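Thanks, everyone. Let me put the structure up and walk through it.

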Amino acid sequence: MVLDNLELLSEHACFGGVQRFYRHASREIGLPMRFGLYLPPAALAGQRVPLLSCLAGLTCTEETFAMKAGAQRGAAAHGLALLMPDTSPRGAGLDGEDHHWDFGVGAGFYLDATQAPWAGHWRMESYLLDELLPGVVDALPLSGERLGICGHSMGGHGALTLALRHPGRFRSVSALAPICAPSRCPWGHKAFTGYLGFDEATWAAHDASVLMAAQTRAPYPGGILVDQGLADKFLAEQLYPEALEAACASAGQPLTLRRHEGYDHGYYFIASVIDDHLAHHAAALG
């Protein structure tokens with residue numbers, strides 16, 4: 001898989017490795033897309049290293065996780081590459097596409113829309129799984145057999161659902177303050193109605209708690225790691241970690257759900273726990 005018109009926008013030396021930002025013409029999205037990629041020192045020395053996809057949340061871009069999470073130091077130590085996609089298509093000229101501040105339609109939600117006018121470009125699931133991941137693995141010293149996925153908020157929803165919807169594609173999964181039950185929450189209702197329509201039966205295929213509850217055996221026997229701040233203003237109405245916890249218990253899926261007193265939804269929280277997530281993935285990916 002070759003990424004069309006791949007263009008290196010910038011690169012920055014970082015903990016012995018390099019943080020890069022790229023742009024390319026996406027076949028799945030039909031628009032230019034950007035992504036960040038951190039290559040650890042081992043990759044620069046020619047070793048094929050594991051790749052952890054880091055999905056950011058609402059209002060974010062490909063730069064947010066790279067600049068705020070503080071993950072590069074740990075990634076360098078563990079020999080992990082980090083892939084940081086943009087969260088949404090840009091520049092389609094659709095009404096509402098830039099209303100990411102409104103926490104609804106316009107943000108990508110890491111799914112393929114089926115409803116007009118979004119279906120033409122809002123194909124984030126196919127973009128990530130069928131285009132971006134194969135493309136970077138082919139282009140760079142990365143191991144396509146050792147893939148992990150993590151994410152924050154909307155990106156946590158994406159990490160959990162993509163890991164469950166594509167069994168065997170990822171060896172490890174974790175999430176930070178994820179939207180665990182989008183079928184139940186206002187953000188999910190708005191996005192799912194816009195992208196998938198009013199038939200709530202179609203929403204279940206993109207709801208991590210519903211997907212987990214349907215498992216007949218643990219899809220990730222090595223365990224899933226989730227961190228949640230208890231001072232998160234979105235916890236009660238939007239995130240529903242207890243729904244994921246119950247679903248994992250019913251499926252026999254090992255889950256480490258850590259609740260942190262005093263921590264909110266932002267990147268100060270992510271920076272405080274990201275090293276544990278990197279260690280979790282490094283242990284699974286080898």
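Start with a question: on the two faces of β5, which residues are buried? On one side they are Ala 81, Leu 83 and Pro 85. On the other side they are Leu 82 and Met 84. Both faces are covered. Keep in mind that this is a predicted model.

The back-and-forth pattern is the usual one. In a regular strand the side chains alternate between the two faces of the sheet. Strand β5 covers residues 81–85, and five of the five are buried, so the strand is largely enclosed by the rest of the structure.

What sits beside β5? On the antiparallel side there is β3, residues 32–39, paired with β5 over four bridges. Within that pairing, Leu 37 has Leu 83 as its bridge partner. Then there is β4, residues 49–55, which pairs with β5 in the parallel sense over three bridges. Here Leu 52 stands opposite Leu 82.

Now zoom out to the sheet. It is open, it has nine strands, and its pairing is mixed. The order reads β1-β2-β3-β5-β4-β6-β7-β8-β9. The edges are β1, residues 4–14, and β9, each pairing on one side only. Neighbouring strands are turned by 20 degrees against each other on average, ignoring direction.

One more pairing in that sheet. Strand β2, residues 17–25, runs antiparallel to β3, with eight bridges between them. Gln 19 has Tyr 38 in β3 as its bridge partner.

Two helices to point out. Helix α5, residues 154–165, lies across β4, β6, β7 and β8. Its angle to β6 is about 135 degrees. Helix α9, residues 241–251, lies across β8 and β9, at about 155 degrees to β9.

Back to β3 for a single residue, Met 33. Its relative accessible area is 1%, so Met 33 is buried. What does Met 33 touch, beyond its neighbours within four places in sequence? The contacts include Tyr 22, Arg 23 and His 24, and also Asp 86, Met 124 and Tyr 127. There is also a C-alpha separation to note: Met 33 and Pro 85 are 52 residues apart along the chain, with 8.4 Å between their C-alpha atoms.

Next, His 265. Where is it placed? His 265 is in the loop between β9, residues 255–260, and α10, residues 267–285. Is His 265 buried or exposed? At 12% relative accessibility, His 265 counts as buried. Its side chain makes a polar contact of 2.9 Å with the side chain of Ser 153. Apart from neighbours within four places in sequence, His 265 is in contact with His 152, Ser 153, Ala 177, Asp 232, Phe 234 and Leu 239.

On to the cysteines. How many disulfides does the count give? Zero. Why is Cys 54 not bonded? Its closest cysteine sulfur, in Cys 150, is 3.8 Å away, which is too far for a bond. The cut-off here is 2.5 Å between sulfur atoms. Cys 54 is buried, at 1% relative accessibility. For Cys 248, the closest cysteine sulfur is in Cys 180, at 8.7 Å, again too far for a bond. Cys 248 is buried too, with a relative accessible area of 2%.

Last topic, charges. Side chains of opposite charge can pair when their charged atoms come close. The count is ten salt bridges. I will take three.

First up, Arg 90 and Asp 86, at 2.7 Å from N to O. Arg 90 is partly exposed at 27% relative accessibility, whereas Asp 86 is buried at 4%. That Asp 86 is also one of the contacts of Met 33.

Then Arg 123 and Asp 112, with their closest N and O atoms 3.9 Å apart. Both lie in the loop between β5 and α4, eleven residues apart. Arg 123 is partly exposed at 26%, and Asp 112 is buried at 17%.

Then Arg 258 and Asp 276, at 2.8 Å from N to O. This pair joins strand β9 to helix α10, and its residues are 18 apart. Arg 258 is partly exposed at 25%, and so is Asp 276, at 37%. Finally, a network: shared salt-bridge partners join Glu 28, Asp 112 and Arg 123.

That is the tour. Over to you.

Note on methods
Residues are numbered from 1 along each chain as its sequence is written. This is a predicted model: local features need pLDDT of at least 70, side-chain atom pairs count only at pLDDT 80 or more; totals for chains, interfaces and linings use all residues. Side-chain values use heavy atoms; hydrogens and water are left out. Buried means under 20% relative accessible area, exposed over 50%, partly exposed in between (1.4 Å probe, protein chains only). Two strands pair if DSSP finds at least two bridges between them. A polar contact is a pair of N or O atoms within 3.5 Å; within protein, one must be able to donate a hydrogen and the other to accept it, and residues adjacent in sequence count only if both atoms are side-chain atoms. Contact means heavy atoms within 4.5 Å. Axes are lines fitted to C-alpha atoms, for helices over the stretch in contact, and angles run from 0 to 180 degrees between N-to-C directions. A salt bridge is a side-chain nitrogen of Lys or Arg within 4 Å of a carboxyl oxygen of Asp or Glu.
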